[in-house]
Amino acid sequence: MFRLAALLLLALSLGAQDPLFRIRVTMQGRGPDSTSFTSNLEIAYAPCEAWVGGSGGWIGSPAAYLEQVKGLGGVRPGMSVPFYAHTHSGSASGGDGSSATVTTTGPGTALWTEGDCVKRTDTSMPPSFHQAARFYRTATGARIADFDLGFVSAGCGGEIGCADPYGVGGDGAAVAAFPSFEITNEELANFKHIHKTKKATFSGENGSVTVTITLTAEIEDVGEVTLTAEKYDSWIPEGNTREAARPGNTLTFTAKVHPVGQPRKTSDRRAKLTFTLADVSREPGVCLNWPKAAASSQDTQEDLKFLAQDDPKVEVESPFKAVTSEAVNEAKITVSSFDFAAFGRLRVVAVDDQGRSLKVRFRDQENPSIDLPKSELGGRIADAWRIAEGVQDLPVDWDEATIPGQKAKGDGMSLLHKYRGLRVGRDGGAYTRLKAREKVHFVIDPAGVFDPERWRRATGGIQAYLMDEANTEARRVDFNASTRTNGGRGKCAVRIDIYPGLEEKDPPPDEHGRKSPPATNLLQYAYTWGDTPATTQRIRIFEDRIRAMIGRIQKATLKVLQDPQTDEERALAAYLLTLGSREDLVRRAKTANHEALTQAMLALTAIHEMGHACGVQGHLNAKGQEDEGLGAPPCPMHYLDQKERRRFLLFGELTGAGLFCTQDGCFGQLNVKG
């Protein structure tokens with residue numbers, strides 16, 4: 001009896017290509033002694049892992065070739081592809097009571113039994129290297145032939161029926177040619193639905209046998225897994241600025257097992273799912289400046305984790321691995337974020353109850369590594385934020401924000417740092433993400449004399465944020481950043497102090513212990529030590545000196561109005577009398593609200609000195625010194641002359657409420673870098 005010895009193959013790894021077609025052979029025979037037998041054998045075929053015969057110049061495996069050309073229809077005419085027997089199943093029985101079976105023991109391996117006879121796959125060759133059939137591409141379609149199966153009962157030893165087509169058939173060539181199929185181009189284009197059958201009877205002096213052979217592409221659909229996440233496109237990670245150990249927000253994925261290509265179809269297919277997080281970021285804290293202890297303690301816990309899941313089918317083995325307790329047809333996995341710039345990759349592996357790996361799909365990607373958040377535009381920054389900010393094509397270290405008319409580009413904060421954000425404001429502050437293309441500046445102002453909106457108007461759009469000093473470290477606002485900008489100094493806030501006394505006897509040292517010289521000139525109302533946010537150790541404003549200055553202006557104004565003695569005083573009196581009657585002006589001078597005037601001057605001085613802290617030299621005279629009456633009155637760097645001081649006292653009019661000027665270059669000198 002002709003045997004199927006060549007199909008006794010060795011084990012194949014789980015990574016082998018799935019079967020593409022099946023052959024079923026059914027035999028009904030009768031021997032010369034009228035003993036009957038029946039046999040049913042089915043074999044599924046998958047492309048070999050190595051080329052058996054010519055590869056047509058292709059470098060790589062047949063499986064890889066078919067994947068690249070998108071299936072059998074893409075094989076070029078004249079080329080052929082070898083297939084091996086991936087699975088076996090069958091049984092046979094004889095009229096004499098004998099029986100036999102063949103079963104699959106693994107991909108490409110089989111167990112054959114017939115009575116006391118037991119045979120297993122030959123271990124001399126990897127199963128995926130043995131050709132058991134071949135696909136030939138032709139100009140008119142294709143031909144599947146060269147089947148290494150013969151016509152045989154399903155057993156291992158040859159006593160069933162004793163009928164063999166090769167023995168009963170008179171034409172051996174016809175028997176050999178019978179197991180082959182011609183396929184048209186139209187059939188090839190619809191190969192998944194192919195179903196072709198051939199039937200023949202062979203007879204001779206040893207008996208007769210009727211053989212039916214069927215080709216079908218109705219391979220078992222082991223299923224696949226589709227992942228979905230409703231908010232994936234818009235999801236931006238968050239940290240928790242109240243409890244760093246708790247997540248700020250989450251993203252939930254649903255994994256559904258279903259028939260291949262039919263994600264909406266309900267089925268009984270099941271698989272065990274393993275979820276892992278990889279390449280997870282480890283930024284200190286949850287944002288650039290909270291919690292404060294994170295940087296000093298080197299707290300760099302992973303920013304994405306699996307926590308206990310709401311889905312009872314999912315068990316969390318570690319913060320970065322979760323599995324279903326058994327094979328399921330659907331499961332949900334939730335990823336928790338602990339940082340406003342968290343990043344990682346989610347991977348899912350699915351294995352069915354027979355140990356077969358199922359394909360996992362997410363948005364038409366097969367077996368993907370899913371960026372969390374969606375970051376196709378790069379830099380581990382959420383695409384949703386990039387799109388909202390209009391910075392789709394900018395690198396993470398971009399620091400080129402501009403305001404027309406200002407020479408300096410940027411503000412000392414990278415795109416990544418603006419995306420990560422920080423806590424701003426007084427009384428502990430509140431979290432905010434910064435605008436990507438906006439220049440930003442930070443101010444520590446315990447006395448509340450600095451007006452951020454006035455600063456924004458004066459600078460043409462530089463956004464100033466008030467800071468709680470507790471949210472800074474040596475004035476740095478980005479101390480939790482793993483990478484420092486601005487030449488390593490990072491982004492610094494400028495501190496404004498209000499000094500209540502007339503004499504500055506002991507100015508405080510900077511963070512490095514260095515002391516600035518005391519301001520002993522009682523006519524010096526403020527000073528700035530430094531010329532950039534990073535180098536400015538402090539701004540000091542002398543409130544009592546400003547208040548005393550207002551008292552001197554009041555006294556001098558009354559003297560000019562009531563008893564002018566010099567030509568200069570008489571000229572000034574004449575000017576004032578153009579503004580009102582002597583009686584009204586004297587009344588105004590005597591009843592001037594010193595406190596309101598002091599606060600107005602403090603507000604202007606805060607903007608003026610902040611200009612110095614951001615690179616503005618001011619309106620300089622020929623000696624290179626700041627002088628009154630120079631420059632444009634709307635510019636905050638303008639000093640009041642004698643007339644403007646009187647108008648300030650009498651009417652509350654105060655210059656310096658507009659833009660930093662361009663005529664003396666104040667606007668162009670503004671530089672908040674660092």
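**Exercise 1. The chain as a whole.** Determine what percentage of the contacts in the chain with a separation of 6 or more comes from residues 24 or more positions apart, and state what percentage of the residues is buried.

*Solution.* Residues 24 or more positions apart account for 66% of the contacts with a separation of 6 or more, where a contact means heavy atoms within 4.5 Å. The model is a predicted one, in which local features need pLDDT of at least 70 and side-chain atom pairs count only at pLDDT 80 or more, while totals for chains, interfaces and linings use all residues. Residues are numbered from 1 along each chain as its sequence is written, and side-chain values use heavy atoms, with hydrogens and water left out. Of the 674 residues in the chain, 50% are buried (under 20% relative accessible area, with exposed over 50% and partly exposed in between, for a 1.4 Å probe and protein chains only). The secondary structure comprises 14 helices and 30 strands (DSSP runs numbered from the N terminus, H or I of at least four residues for helices and E of at least two for strands).

**Exercise 2. An open sheet and the helix on it.** Establish in what order the five strands of the open sheet lie, and identify which strands are touched by helix α9.

*Solution.* Begin with the order, which reads β27-β26-β28-β30-β29, with mixed pairing throughout this open sheet of five strands (two strands pair if DSSP finds at least two bridges between them). The edges are taken by β27 (463-466) and β29 (526-529), and because each has a single partner strand, one side of each is left without a neighbour in the sheet. From one strand to the next, the twist averages 25° (axes being lines fitted to C-alpha atoms, for helices over the stretch in contact, with angles from 0 to 180 degrees between N-to-C directions). Next, consider β28 (residues 494-499) and β30 (residues 538-542), which pair in the parallel sense over four bridges; isoleucine 498 has isoleucine 541 in β30 as its bridge partner. Helix α9 (residues 543-562) packs on this sheet, where it touches β28 and β30, and its direction makes about 35° with that of β30.

**Exercise 3. Two helix pairs.** Describe at what angle α9 packs against α10 and at what angle α11 packs against α13.

*Solution.* In the α9 pair, the partner is helix α10 (residues 567-577), the angle is about 90°, and the axes are 8 Å apart. This makes α9 roughly perpendicular to α10 (65 to 115 degrees, whereas under 35 is roughly parallel, over 145 roughly antiparallel and the rest oblique). From α9 the contact draws on Thr557, Lys559, Val560 and Leu561, and from α10 on Glu569, Leu572, Ala573 and Leu576. Sorted by class, these residues are five nonpolar, one polar and two charged (Ala, Val, Leu, Ile, Met, Phe, Trp, Tyr, Cys and Pro being nonpolar, Asp, Glu, Lys and Arg charged, and the others, Gly among them, polar).

For the other pair, helix α11 (residues 582-590) packs with helix α13 (residues 642-651) at about 80°, their axes 8 Å apart, so α11 is roughly perpendicular to α13. Here Leu585, Arg588 and Ala589 of α11 meet Leu649, Leu650 and Phe651 of α13, giving five nonpolar residues, no polar residue and one charged residue.

**Exercise 4. Strand β19 and its partners.** Work out which residues form the covered face of β19, and with which strand β19 forms a hairpin.

*Solution.* Strand β19 (residues 344-351) has Gly344, Leu346, Val348 and Ala350 on its covered face, and Arg345, Arg347, Val349 and Val351 on the uncovered one. Strand β14 (residues 272-278) pairs with β19 in the antiparallel sense over seven bridges, and threonine 276 has arginine 347 as its bridge partner. Strand β23 (residues 370-372) also pairs with β19 in the antiparallel sense, over three bridges, with arginine 345 opposite aspartate 371. Finally, two bridges join β19 to the antiparallel strand β20 (residues 357-358), where valine 351 stands opposite serine 357. It is β20 that completes the hairpin with β19, with five residues between them and a positive phi of about 80° at glycine 355 in the turn.

**Exercise 5. Two side chains.** Decide whether glutamate 224 is buried or exposed, and find which backbone nitrogen its side chain reaches; then treat threonine 121 likewise.

*Solution.* Glutamate 224, in strand β12 (residues 224-228), counts as buried because its relative accessibility is 4%. Its side chain reaches the backbone nitrogen of glycine 261 at 2.7 Å, and among the residues that glutamate 224 touches are Lys256, His258, Leu358 and Arg361. Threonine 121, in the loop between β6 (117-120) and β7 (133-137), is buried with a relative accessible area of 12%, and a polar atom of its side chain lies 2.7 Å from the backbone nitrogen of alanine 110.

Definitions and conventions: Polar contact = N/O pair within 3.5 Å; in protein donor to acceptor, adjacent residues only side chain to side chain. Lists of a residue's contacts leave out its neighbours within four places in sequence.
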